[in-house]
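Biologist: I'm new to this and the whole thing is a lot to take in. Could you choose a single part, look at it closely with me, and then show me how it fits with what's around it?

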Amino acid sequence: MKKTTGMNREITRTWRPATQAIRGGTWRSEHGETSEALFLTSGYTYDDAATVAARFAGDDPGMTYSRLQNPTVAMLEERIALMEGAEACRAQASGMAAMTAALLCQLSAGDHCVAARAAFGSCRWLVDHLLPRFGIETTVIDSADDAAWEAAIRPNTKVFFFETPANPTLDIVDIAHVCALARSHGIVSVVDNAFCSAALQRPLEFGADVIAYSATKLMDGQGRVLAGAVCGTSDFINEKLLPFQRNTGPNLAPFNAWVVLKGLETLSLRAHRQSENALKLGQFMEGRVPVMLHPGLASHPRHELAMRQMDACGPIFSLVVDGGRAQAHALLDALELIDISNNIGDSRSLMCHPASTTHAAMGEEARAEMGVSEGMLRINVGLEDIDDLIEDMDRALTAAGM
Ligand SMILES: *Cc1c(COP(=O)(O)O)cnc(C)c1O
């Protein structure tokens, strides 16, 4: 295996994210294959005993076991790091494996974590149920309230954890403000960038320390595999994340890594076209539904901040209908083109009712606290012709009495 022939790392590191998404991290075997090779292997063999001893001692950079390294997974890791502008990245089996590893690798009993209250259901479960079981204190706050972050800091606060835009309320966190506050107190900021990916938002440029990802969403983007990633400094990845990952094993399978590599080739195109479609569909729906939660529309309370942090509005927005669950379900049932599905980031348009799906398990009280009402619907806008999407939504809104 060698890096692409003639590649000069001084030059390749300067490529912009859209180029990195197609080229970054490519290794080619002696066959010079165009597309990345898929190494479905759990182990490796060695020419002699001294070589394997040197590898286990860390004196030889070769691979030893796929829980530690795999060539296909390594290509994905380098590519994501280059797109994100991070020193290092480690792929994970899923987005939730990434979140769990990013938090547990650095928190210990007696530490305190401040987290956004508006979050993906399983992220809230980590904060509300998992961390406290191991003696880690947690506080959840309104992440769009800048002052609330500072007020929540305690002497033992070690981590800030948030996503922006948040799922499914589309709350926008001021990344630069919150991450600067974290740094000034020696707190590590962990940002879940699933809603945007590096194609639309690069939190490290705004001072974030660690990026944790669901690559299942925009990065695969075609609804095929679960995948995740954690990015950060080499020190963080090598000293905190790797010991945790190597010994607990939330590794990404080489096949899934290969699928995500293929997804990344079209990520920038998809993310921007899906954002364009989401903006047009949002503009069409505004005024027709009582509440739009859409970072691309001027009606969003943090529209300007969102557009400063993001290159485009992203494919996902939410809305709230007046008639509660019955009217929300009626709208879903009237759709012909847009699928009822709880996935996001997919090239297909998908719509779901968070209160009865992604945020059902957390219970009514937690939903009310984070603003997930019975009338809320979340939509992922895909790559279909925008006129077909608008016609489908128009018909469904009429059928649901809007
Ligand atoms: C989907 C999602 C996750 C979890 O990712 P999986 O790949 O499904 O495990 C975490 N955070 C956010 C914001 C998500 O949308």
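Modeller: Sure! One term before we start: a polar contact is a pair of N or O atoms within 3.5 Å, where, inside a protein, one must be able to donate a hydrogen and the other to accept it, and residues adjacent in sequence count only if both atoms are side-chain atoms. Keep in mind, too, that this is a predicted model.

Let's take helix H5, which covers residues 95–104. At its start, a side-chain oxygen of Ser-94 comes within 3.4 Å of the backbone nitrogen of Met-96. Now, is H5 enclosed or open? Seven of its 10 residues are buried, so the rest of the structure largely encloses this helix. "Buried" here means under 20% relative accessible area. The buried residues of H5 are Gly-95, Ala-97, Ala-98, Met-99, Ala-101, Ala-102 and Leu-103.

So what does H5 lie against? The helix lies across E3, E6, E7 (188–192), E8 (210–214) and E9 (228–232), and it runs at about 155° to E8. Those strands belong to an open sheet of seven, in the order E3-E9-E8-E7-E6-E4-E5, with mixed pairing. At the edges are E3 (88–92) and E5 (137–141), each of which pairs on one side only. From one strand to the next, the twist averages 20°.

Let's walk in from the E3 edge. E3 pairs with E9 in the antiparallel sense, over five bridges. In one of them, Ala-88 has Gly-232 of E9 as its bridge partner. On to E9 itself, where five of its five residues are buried. Both faces of this strand are covered: Gly-228, Val-230 and Gly-232 are buried on one side, and Ala-229 and Cys-231 on the other. E9 also pairs with E8, again in the antiparallel sense, this time over four bridges. There you'll find Ile-211 opposite Cys-231 of E9.

Further along, the pairing changes direction: E4 (residues 112–116) and E6 (residues 157–163) run parallel and are joined by four bridges. In that pair, Val-114 has Phe-160 in E6 as its bridge partner. Another helix turns up here as well: H8 (residues 175–184) lies across E6 and E7, at about 170° to E6.

Back at the E3 edge, there's a residue from yet another helix to look at. Gln-245 sits in helix H10 (residues 234–248). Its relative accessibility is 3%, so Gln-245 counts as buried. The Gln-245 side chain makes a polar contact with the side chain of Gln-92, at 3.0 Å. Beyond its neighbours within four places in sequence, Gln-245 is in contact with Arg-67, Arg-90, Ala-91, Gln-92, Pro-250 and Asn-251.

Finally, let's zoom out. The protein is divided into domain 1 (2–264) and domain 2 (267–399), with their C-alpha centres 27 Å apart. Where they meet, 40 residues of domain 1 are in contact with 39 residues of domain 2. About 3100 Å² is buried between the two, and carbon and sulfur atoms give 60% of that area. On the domain 1 side, Pro-168, Ile-172 and Leu-200 lose the most area to domain 2, together 22% of what that side buries.

Note on methods: Residues numbered from 1 in each chain as written. Predicted model: local features only at pLDDT ≥ 70, side-chain atom pairs only at ≥ 80, totals over all residues. Heavy atoms only, no water. Helix = DSSP H or I, 4+ residues; strand = E, 2+ residues; numbered from the N terminus. Buried < 20%, exposed > 50% of the residue type's maximum accessible area, 1.4 Å probe, protein only. Contact = heavy atoms within 4.5 Å. Pairing = 2+ DSSP bridges. Axes fitted to C-alpha atoms, helices over the stretch in contact; angles between N-to-C directions. Domains from an automatic or database assignment. Buried area = accessible area lost by both parts, 1.4 Å probe.
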